[in-house]
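Subject: Structure handover

Hello,

Here is the structure for you to look over. My notes on it follow below.

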Amino acid sequence: MDRKKLVKQLAVIALFIVLFAGLDLAIYQLFIKRVISHHTPGMQKMSVEVANYVPFTGSENVFPAKDAEKLEGDIPTIDGAAALLPVYAGFVESIYPEDSVIYKGEDYDTASAMHYTNTRGAYKDIVDGNADIIICAQPSDEQLAYAAEKGVELEMVPIGSDAFVFIVNSNNPVSDISIEQIRGIYSGQITNWSELGGNNMPIAAMRRNKNSGSETALEKLMGDLPIKPDYTALFGSPIGFSFRYYVTGMLAEGGVKILTINGISPTPETIADGSYPVAGNIYAVYRKGETNGNVYKAIDFMLSPEGQKIIEDSGYIPLGQ
């Protein structure tokens, strides 16, 4: 091939790479941050102020049970989702020895019995044996396949619930949406807010990281309907999704509103009675055949009245409510 022609082709390829990289950055800066903060894996992890949920620091965001019996001996390593950090911080402060938690100012030490790696990291760690219990929403098909590949069967114990919610900019006139419309948006069949009674503006359908708890929840909601890549994100008015308490309690960012679904708002009452259509369980997950008795003691505590009160005090919905 002619050398000059080859140089020109390589220059064109390099230009496209730069353009797409710039587009990705622009999408993040202009739109994703407006609806759901911290899209990249590292930034998503740090989108929660971890220091606000460290056990044994007197944090007003952690709600331990008083006078609970402490675990002794082989202390299980616990990890979990960003949205559920206050829940397992409350469990740890209740029943873990204080010296088993080692926080180094920005993150937990590898020797600490409490870790925080978010949903993606937590499911990998439970399969790989780097965590003994994780507190998360349901796993993705890919995470289940990874466990099967490694010969690990996961036991999933429901310990509470929360709502899966959709959010828009507070200036968006649309306040209610149906399940069918959500599926229409994310399958690419509905592309303009005017189709939903809003302004004549493209819908920018935001996504989360693959294998995050909320992205998995969207995939479950879509069923067999494929999710279409969104090419209007740079120009449209965004819609995003997350879990209710993560939006209202942990981030509490202004400028967004939670949409009602089929006219029903995600309140503790509608989540508990099942009238809100997209609620889901919170799970304590461990490996089948676990031999550390403290794993079972910890989960028994989570299911006890004291543990369920931690679920409720942390902003989530306890079992049987």
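**Helix 4 and its ends**

Just after helix 4, Gly129 adopts a positive phi of about 85°. This is a predicted model, so read every value here as computed from it. At the other end of helix 4, the N-terminal one, Asn118 acts as the cap. One of the side-chain oxygens of Asn118 sits 3.3 Å from the backbone nitrogen of Arg120. The buried residues of helix 4 include Asn118, Thr119, Ala122 and Tyr123. Asp125, Ile126 and Val127 are buried in helix 4 too.

**Cavities**

There are 2 cavities of 30 Å³ or more. The largest cavity has a volume of about 260 Å³. Its lining comprises 22 residues. Nearest the centre of the largest cavity are Ala81, Ala83, Thr119, Gly213 and Phe243. Thr119 is also one of the buried residues of helix 4. Helix 4, helix 7, strand 6 (237–243) and strand 9 each give at least two residues to this lining. By class, the lining of the largest cavity has 10 nonpolar, 9 polar and 3 charged residues.

**Second largest pocket**

The second largest pocket holds about 210 Å³ of space. It is lined by 16 residues. Gln138, Ala217, Ala279, Gly280 and Asn281 are the closest of these to the pocket centre. Strand 3, helix 7 (213–222) and strand 9 each supply at least two lining residues. The lining splits into 10 nonpolar, 4 polar and 2 charged residues. Helix 7 and strand 9 thus appear in this lining and in that of the largest cavity.

**Nonpolar cores**

In soluble globular proteins, nonpolar side chains tend to be buried together. The largest nonpolar core here has 55 residues. Those with the most contacts inside it are Ile78, Tyr88, Phe91, Met114, Ile135 and Met302. Elements that give two or more residues to this core include helix 3 (85–95), helix 4 (118–128), strand 2 (133–136) and strand 3 (154–169). Helix 8 (244–251), strand 9 (279–287), helix 10 (293–303) and helix 11 (305–313) are also among them. Helix 3 provides the largest share, 7 residues.

A second, separate core has 32 residues, including Val165, Tyr186, Leu221 and Leu259.

Which residues does Met302 contact, leaving aside its neighbours within four places in sequence? They are Ile78, Phe91, Ile133, Ile135, Ile159, Ala284, Gly307 and Gln308.

**Loop residues**

Two residues that are not glycine have a positive phi: Phe56, at about 65°, and Asp67, at about 60°. I list them because most residues other than glycine have a negative phi. Phe56 is in the loop between helix 2 (41–46) and strand 1 (78–80). Asp67 is in the loop between helix 2 and strand 1. Is Phe56 buried, partly exposed or exposed? Phe56 has a relative accessible area of 22%, so it is partly exposed. Asp67 is exposed, at 83% relative accessibility.

Leu196 is in the loop between helix 6 (179–186) and strand 5 (203–205). With a relative accessible area of 15%, Leu196 is buried. Not counting residues up to four places away in sequence, Leu196 touches Val174, Ile177, Gln181, Ile185, Ile190 and Ile203. Ile177 is 19 residues from Leu196 along the chain, with 7.8 Å between their C-alpha atoms.

Best wishes

Notes. Residues are numbered from 1 along each chain as its sequence is written. This is a predicted model: local features need pLDDT of at least 70, side-chain atom pairs count only at pLDDT 80 or more; totals for chains, interfaces and linings use all residues. Side-chain values use heavy atoms; hydrogens and water are left out. A nonpolar core is a set of buried Ala, Val, Leu, Ile, Met, Phe, Trp, Tyr and Cys residues joined through side-chain atoms within 4.5 Å. Buried means under 20% relative accessible area, exposed over 50%, partly exposed in between (1.4 Å probe, protein chains only). Helices (H or I, at least four residues) and strands (E, at least two) are DSSP runs, numbered from the N terminus. Contact means heavy atoms within 4.5 Å. On a 1 Å grid over the protein atoms alone, a cavity is a set of points where a 1.4 Å probe fits but cannot get out, and a pocket is an open set with protein on both sides within 12 Å along at least five of seven lines; lining residues have an atom within 4 Å of a point. Grid points are joined across faces, edges and corners, and a volume is the space filled by probe spheres set on the points. Ala, Val, Leu, Ile, Met, Phe, Trp, Tyr, Cys and Pro count as nonpolar, Asp, Glu, Lys and Arg as charged, and the others, Gly among them, as polar. A polar contact is a pair of N or O atoms within 3.5 Å; within protein, one must be able to donate a hydrogen and the other to accept it, and residues adjacent in sequence count only if both atoms are side-chain atoms.
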